[in-house]
Amino acid sequence: MKIDRVDMLRVRMPVIHPYETSYGRVDHADHIVLKVYTPDFAVFTESAAGAIPGFSYETLGTAREILKSFLLPAVMGKTIRAPEDFAPLCRGLRGHPMTKAAVENAIWILKALEEGKSLAALLGNEKKSIPAGAGVGIQDTKEELIALVGAYLNQGYAKIKMKIKPGMDVKRVAAVRKVYPDIVLMVDANNAYRLDDIDTLKALDDFNLLVIEQPLEYDDIFYHAILQARLKTPIGLDESIQKPYSASLAIELKACRSINIKQSRVGGLSCAKTIHDICQAGGVGVWCGGMMETGIGRAVLLALSGLPNFIYPMDIGASDKYFHQDIVEPAFKLNPDGTLNVPQGPGLGVEVNERVLDHFTVAREVIRV
Ligand code: MG
């Protein structure tokens, strides 16, 4: 394949429930969507880099600059046989994994189309559906939190992931557990704590949590190892796992007992698969996390998250958990058994509704070879 044109769209979609984490509150999903053309196909992907450098240093602005000045010039017009050809083409370009993921995933989707397969089949995912989870941001009151958790449980979600931060942690978890003693519940601290906060974190051991996600510094592994040795609850690392090396190190140091694989955080599907395999070999289960993707990114996550070591419900919900209207058809719907279907059609397996995409597009540039 040869990529000869890329349309770069800045997309801004209002979300149904503003999502508050220890980084702050988000009321829009901001992403760069790419329409990537070869002489035979045109496919859509997206970069998860958002409006502010909170979860990641990458932003819409850095993604645009890296794409235009470095990444697309390195890739466009080159003969690409397979996704493995991507990394050598951008070897001199350090970092910017969310931006790289958008381009590499386009190559995966194009390869799937060339082979007449779904992306899921190309990745080796044989599952038809994946248990879905609902992420719940930090709510203003306990009552609002319990009501929102209840609403997601009523819809059928298989797991609840609560965001926590200092002062909004043990009592909040206790309140949810009191009403829902048996649900699959985890918390995500988004690196809001320090090792000195160990008494608070140990107090969470009383609530039978599936995982405490990323309690400590965003790039730390060492102190998480010290903390994990003192906690009963498994630590799950998110921000700290930036590449396959981080996963190997975390497993070696016993810094966690599970890993949240976000393909965007680690540079795309190839590195996500490598991390999956490293974790499987190391006896560490993984689950699929997301970055408030549109339906385009959601299709990619579902294609990935049927690999065998994804043993926990994904963090990802149906389209209507996030958006009044998604940009793909069909939109992702929660099945009665609390799962989401893995798209089975060729390539991404969902169609992008370009009229709806246009509606949410706030800037557009066309890049040609
Ligand atoms: Mg997280």
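The accessible surface of the chain comes to about 15000 Å², and 52% of this area belongs to carbon and sulfur atoms; such areas come from the Shrake-Rupley method with a 1.4 Å probe, and for residues only the protein chains shown count as cover. The model is a predicted one, in which local features need pLDDT of at least 70 and side-chain atom pairs count only at pLDDT 80 or more, while totals for chains, interfaces and linings use all residues. Residues are numbered from 1 along each chain as its sequence is written, and side-chain values use heavy atoms, with hydrogens and water left out.

**The chain as a whole**

The chain contains 13 helices and 15 strands, where helices (H or I, at least four residues) and strands (E, at least two) are DSSP runs numbered from the N terminus. Its radius of gyration is 20 Å, close to the 21 Å that the globule rule gives for 369 residues, so the chain is as compact as a globular protein of that length; the radius is taken over C-alpha atoms, and the rule is 2.2 Å times the number of residues to the power 0.38. Along its principal axes the C-alpha trace spans about 60 × 40 × 35 Å. Of the 369 residues, 59% are buried, a word that here means under 20% relative accessible area, with exposed meaning over 50% and partly exposed in between (1.4 Å probe, protein chains only). If contacts (heavy atoms within 4.5 Å) are taken between residues at least 6 apart in sequence, 72% of them join residues at least 24 apart.

**The parallel sheet**

Seven strands form an open sheet with parallel pairing, in the order E5-E6-E7-E8-E9-E10-E11; two strands pair if DSSP finds at least two bridges between them. Strands E5 (133-136) and E11 (285-288) stand at the edges with a single partner strand each, so one side of each is left without a neighbour in the sheet. Within the sheet, E8 (residues 212-213) and E9 (residues 235-237) are joined in the parallel sense by two bridges, and Glu213 stands opposite Gly236 in E9. Two bridges also join E9 to E10, again in parallel, with Leu237 opposite Ile259 in E10. In a regular strand the side chains alternate between the two faces of the sheet. In E10, Ser258 and Asn260 point one way and Ile259 and Ile261 the other way, and all are buried.

**Two helices**

In helix H11 (residues 295-304), ten of the ten residues are buried, so this helix is largely enclosed by the rest of the structure; Arg298 is one of these buried residues. In helix H6 (residues 170-179), the buried residues include Arg172, Val173 and Val176, and the buried residues of H6 pack against helix H5 (142-155), strand E6 (159-163) and E7.

**Backbone details in loops**

Most residues other than glycine have a negative phi, and most peptide bonds are trans. The table lists two residues with a positive phi.

| Residue | Phi | Loop between | Relative accessible area |
|---|---|---|---|
| Asn191 | near 55° | strand E7 (185-188) and helix H7 (198-203) | 11%, buried |
| Lys254 | near 55° | helix H9 (244-252) and strand E10 (258-261) | 61%, exposed |

A cis peptide bond, with omega about -5°, joins Glu329 and Pro330, and Pro330 lies in the loop between strand E12 (328-329) and strand E13 (339-341).
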